[in-house]
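Dear colleague,

Please find below the sequence and the structure that I am handing over to you. My notes on what was found follow directly after them.

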Amino acid sequence: MNLEWLGRQFDNIVFLFGWHVLLAVTPLVLGLLIALPLGWWAHRSRRIYPLLVGVAGLLYTVPSLALFVLLPLVLGTKILDPLNIVAALTIYTVALLVRVVADALDSVPEDTIQAAKAMGYRSYQSLLKVELPVGVPVISAGLRVAAVSNVSLVSVAALLGIPQLGSLFTQGFQLRFFTPIIAGIVLCVVLAMILDGLIILLNRWLTPWTPKVVAS
């Protein structure tokens, strides 16, 4: 590791890290917002469930680089527009979370739903105040996978010249210089761990009734 190089490039590395955070987190939030109603729809309709889950599975198998290249043709954007990356990763996030949301709602005990109805909750009230809160642990588990996946996939955008931590990889390979490569890997891992930890904390905050594990 060349610490002198890291010191000279500190401002640029911070800039790349900021863009990486933006490009990874924005699709995560957008994907969750889209996946929630789609997952609810799949949960409510047994006919729709295999169709939505099947389409989501197919979308997730599309290579990320191919999607990054094709989306400008669909969206009418330029190849270097970060919007392409946000759109592509939102698609991947939705594809990953649709089944997760549906399974989370399926995991809610029927007795719990019936109790909500007996208390006078309407369908939408039961969904927002009972079913979704109970399904939060399952959804957060899927969200953790999506977060780590997004951090990794954003790096591929460096091949298109979009600035983020992946740019350190291409720079290192071009110069045959390992310091930027190692720095990029370490920062990607750190970002993935931070996002994972934040989702865990959010899950605990939203489910205060769950028992806390006490180390013996």
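I85 is a convenient place to begin: leaving aside neighbours within four places in sequence, this residue is in contact with L23, F68, A157 and I162. Please note that the model is a predicted one. I85 belongs to helix α5, and it counts as buried because its relative accessible area is 0%, under the 20% cut-off. Between the C-alpha atoms of I85 and V69 the separation is 9.6 Å, and the two residues are 16 apart along the chain.

Overall architecture

The protein contains nine helices and zero strands, so listing its elements from the N terminus on gives α-α-α-α-α-α-α-α-α. Measured figures are not involved here; the C-alpha trace is computed to span about 65 × 50 × 20 Å along its principal axes. Of the 216 residues, 42% are buried. Among contacts with a separation of 6 or more, 74% are accounted for by residues 24 or more positions apart. The accessible surface comes to about 12,300 Å², and carbon and sulfur atoms hold 71% of that area.The nonpolar core

The largest nonpolar core has 52 residues, and those that touch the most other members are L23, L28, F68, I85, L89, V151 and L168. At least two residues of this core come from each of α1 (3-8), α2, α3 (48-61), α4 (64-75), α5 (82-106), α7, α8 (166-175) and α9. Helix α5 supplies the largest share, 14 residues.

L89 is one of the residues in that group of core members. Not counting residues up to four places away in sequence, L89 touches L23, P27, F68, N150, L153 and V154.

N84 and L71

Which helix holds N84? N84 lies in α5, and with a relative accessible area of 0% it is buried. Beyond its neighbours within four places in sequence, N84 is in contact with F68, L71, P72, L75, T77, K78 and I79.

L71, one of those partners of N84, is found in helix α4. L71 counts as buried because its relative accessibility is 8%, under the cut-off of 20%. With neighbours within four places in sequence set aside, the contacts of L71 are G76, T77, N84, A87 and A88. L71 and P163 are 92 residues apart in sequence, and their C-alpha atoms are 18 Å apart in space.

Pockets

The largest pocket holds about 450 Å³ of space. Its lining consists of 19 residues, and L32, I139, L143, L202 and L206 are the closest to its centre. Two or more lining residues come from each of α2 (10-44), α7 (123-154) and α9 (178-206). Helix α7 gives the most to this lining, with seven residues. By class, the lining has 17 nonpolar and two polar residues, and no charged ones.

The second largest pocket holds about 240 Å³ of space. Its lining consists of 13 residues, and R44, I113, K117, S123 and E131 lie nearest the centre. The elements that give two or more residues to this lining are α2, α6 (110-118) and α7. Here too α7 contributes the largest share, which is five residues. By class, this lining divides into five nonpolar, three polar and five charged residues.

A backbone feature in a loop

R176 lies in the loop between α8 and α9. Although R176 is not a glycine, it has a positive phi of about 55 degrees. Is R176 buried or exposed? R176 counts as exposed because its relative accessibility is 79%, over the cut-off of 50%.

In brief

For ease of reference, the main points are these:

- The largest nonpolar core has 52 residues, and its largest share comes from α5.
- The largest pocket has about 450 Å³ of space and no charged residues in its lining.
- The second largest pocket has about 240 Å³ of space and five charged residues in its lining.
- R176 has a positive phi and is exposed.

With kind regards

Key. Residues are numbered from 1 along each chain as its sequence is written. This is a predicted model: local features need pLDDT of at least 70, side-chain atom pairs count only at pLDDT 80 or more; totals for chains, interfaces and linings use all residues. Side-chain values use heavy atoms; hydrogens and water are left out. On a 1 Å grid over the protein atoms alone, a cavity is a set of points where a 1.4 Å probe fits but cannot get out, and a pocket is an open set with protein on both sides within 12 Å along at least five of seven lines; lining residues have an atom within 4 Å of a point. Grid points are joined across faces, edges and corners, and a volume is the space filled by probe spheres set on the points. Helices (H or I, at least four residues) and strands (E, at least two) are DSSP runs, numbered from the N terminus. Ala, Val, Leu, Ile, Met, Phe, Trp, Tyr, Cys and Pro count as nonpolar, Asp, Glu, Lys and Arg as charged, and the others, Gly among them, as polar. A nonpolar core is a set of buried Ala, Val, Leu, Ile, Met, Phe, Trp, Tyr and Cys residues joined through side-chain atoms within 4.5 Å. Buried means under 20% relative accessible area, exposed over 50%, partly exposed in between (1.4 Å probe, protein chains only). Contact means heavy atoms within 4.5 Å. Accessible areas come from the Shrake-Rupley method with a 1.4 Å probe; for residues, only the protein chains shown count as cover.
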